[in-house]
Amino acid sequence: MFELENEFVKYAVIGDPVAHSVSPAMQNAGFMAAGLDERYGKYHVKPDELADFTEFARHNLYGFNATVPHKSALIDLLDEVAPAALAANSVNTVSVRNGKLYGDSTDGYGLETALKEAFDLDIADSRIVMLGAGGAAQATAFEFVSRQAAHLTIVNRTKSKAEALAEHLSGQSTVLTALGNDETDLIAQAITHADVVIQATSAGLRESDAPPLELELLQNAAAIFDMIYKNTAVLQYAQKHNIPCADGRGMLLHQGAKSFSIWTERRAPVAAMRAALDAALNK
């Protein structure tokens, strides 16, 4: 079912869809800058093909990244999963060693590093509002709690899903609040007191998408980070109102660099990877 593109492709990204992924451009720039022969491809893997792909990877690849919708489903197919990735119920990086598959998550690290780079923001003791409670939010929310953020407010269209995520994350020092999208007064209050608002929904992937909440609620935000690496309605609002903001390319860069380091056991050539990522996104 799955075949190697060529003998040098030993890493890849999988997803459904995956054609839009710019990870190959970024990772291949990293491999070339590091003087490594291995290359990085992409595989369109549907949910019912995931088990077959993991067996293909076990025998043919050195590692792979996973994106939507595979980050949780992968866990039961791996031989070992890092405790933090298991707790977050999310794996985006798989290493193949001696025929065994080892799962990890670099999403939280990627976002934490991007926030530091964009806003000089340290997670510890910070107050964060996260829009969304789905797969993209889970690993990063766990990172905030493990890094001892002071307060994390999770806002979601379906409040019960925000409550379920908050319950899953409970037991740490971080104060957790779950809100539904219709609780506008409480959302506005949380945003006013937050150090950053994280847009973690899929809203904005398509130009026809409605914003994840009423944009006017963002007017008092100190900073806004959108995980999507497009100029979304949220980012356009931030730019119009002179609110410090950043898109998701920094997160993509740093989670990818962390994956590179896990696989190769060497420092990632971040500058080369950043240049290739920017070039791919600006096409």
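This is a guided tour of the structure above, one selection at a time. Keep in mind that the model is predicted.

**Stop 1: the open sheet**

Start by selecting the six strands that form an open sheet, in the order E2-E1-E3-E5-E6-E4. The pairing in this sheet is mixed. A little background helps here: strands of a sheet pair through backbone hydrogen bonds, either parallel or antiparallel. Which strands sit at the edges? They are E2 (39–44) and E4 (80–81), and each of them pairs on one side only.

Now select residues 93–97 and 100–104, which are strands E5 and E6. These two are antiparallel partners, joined over five bridges. To see one bridge, show Ser 95 together with its partner in E6, Tyr 102.

Between these strands is a loop, and Asn 98 is found there. Asn 98 is not a glycine, yet its phi is positive, at about 55 degrees. Is Asn 98 buried or exposed? With a relative accessible area of 84%, Asn 98 is exposed.

**Stop 2: a helix across the strands**

Next, add residues 23–33, helix H1. This helix lies across E1 (9–15), E2 and E3 (63–66), and its direction makes an angle of about 160 degrees with E2.

Zoom in on Ala 12, in strand E1. Its relative accessible area is 0%, so Ala 12 counts as buried. What surrounds Ala 12, once its neighbours within four places in sequence are set aside? Its contacts are Tyr 40, Gly 41, Lys 42, Tyr 43, Gly 63, Phe 64 and Asn 65. You can also try the distance tool on the C-alpha atoms of Ala 12 and Ala 66: they are 8.6 Å apart in space, with 54 residues of separation in sequence.

**Stop 3: loops with cis bonds**

Follow the chain into the loop between E1 and H1, where you will find Pro 17. The peptide bond joining Asp 16 and Pro 17 is cis, with omega at about 10 degrees. Ser 21 lies in the loop between E1 and H1 too. Its relative accessible area is 12%, and a residue under 20% is called buried, so Ser 21 is buried. Beyond its neighbours within four places in sequence, Ser 21 is in contact with Val 13 and Lys 42.

For another cis peptide bond, select Val 68 and Pro 69, where omega is about 5 degrees. Pro 69 belongs to the loop between E3 and E4.

**Stop 4: strand E8 and its partners**

Move along to residues 151–156, strand E8. How many of the six residues of E8 are buried? Six of the six are. On one side are His 151, Thr 153 and Val 155, and on the other are Leu 152, Ile 154 and Asn 156.

E8 runs parallel to strand E7 (127–131), and five bridges join them. Opposite Leu 152 you will see Ile 128. The chain travels from E7 through H5 to E8, a right-handed β-α-β crossover.

E8 is also parallel to E9, this time with six bridges. Here His 151 stands opposite Val 175. Together, E8, H6 and E9 make up a right-handed β-α-β unit.

**Stop 5: helix H6**

Select residues 159–169, helix H6, and show the side chains of its buried residues Ala 162, Leu 165, Ala 166 and Leu 169. Look down the axis of H6: these residues fall within an arc of 100 degrees, so they line one face of the helix. Their cover includes H5 (135–146), E8 and E9 (175–180). Just after H6 comes Gly 171, with a positive phi of about 105 degrees.

**Stop 6: the cores**

In soluble globular proteins, nonpolar side chains tend to be buried together. In this model, the largest nonpolar core has 29 residues. Those with the most contacts inside this core are Leu 115, Met 130, Phe 144, Leu 152, Ile 198 and Phe 225. H4 (107–119), E7, H5, E8, H6 and E10 (196–199) each give two or more residues to it. Another core, of 21 residues, lies apart from it and includes Val 45, Leu 74, Ala 85 and Leu 101.

**Last stop: Glu 265**

Finish in the loop between H9 (249–264) and H10 (270–281), where Glu 265 lies. Glu 265 has a positive phi near 55 degrees, and at 71% relative accessibility this residue counts as exposed.

Terms used: Residues numbered from 1 in each chain as written. Predicted model: local features only at pLDDT ≥ 70, side-chain atom pairs only at ≥ 80, totals over all residues. Heavy atoms only, no water. Pairing = 2+ DSSP bridges. Helix = DSSP H or I, 4+ residues; strand = E, 2+ residues; numbered from the N terminus. Contact = heavy atoms within 4.5 Å. Axes fitted to C-alpha atoms, helices over the stretch in contact; angles between N-to-C directions. Buried < 20%, exposed > 50% of the residue type's maximum accessible area, 1.4 Å probe, protein only. Arc of directions from axis to C-beta. Right-handed = clockwise from strand over helix to strand, strands pointing away. Core = buried A, V, L, I, M, F, W, Y, C linked by side-chain atoms within 4.5 Å.
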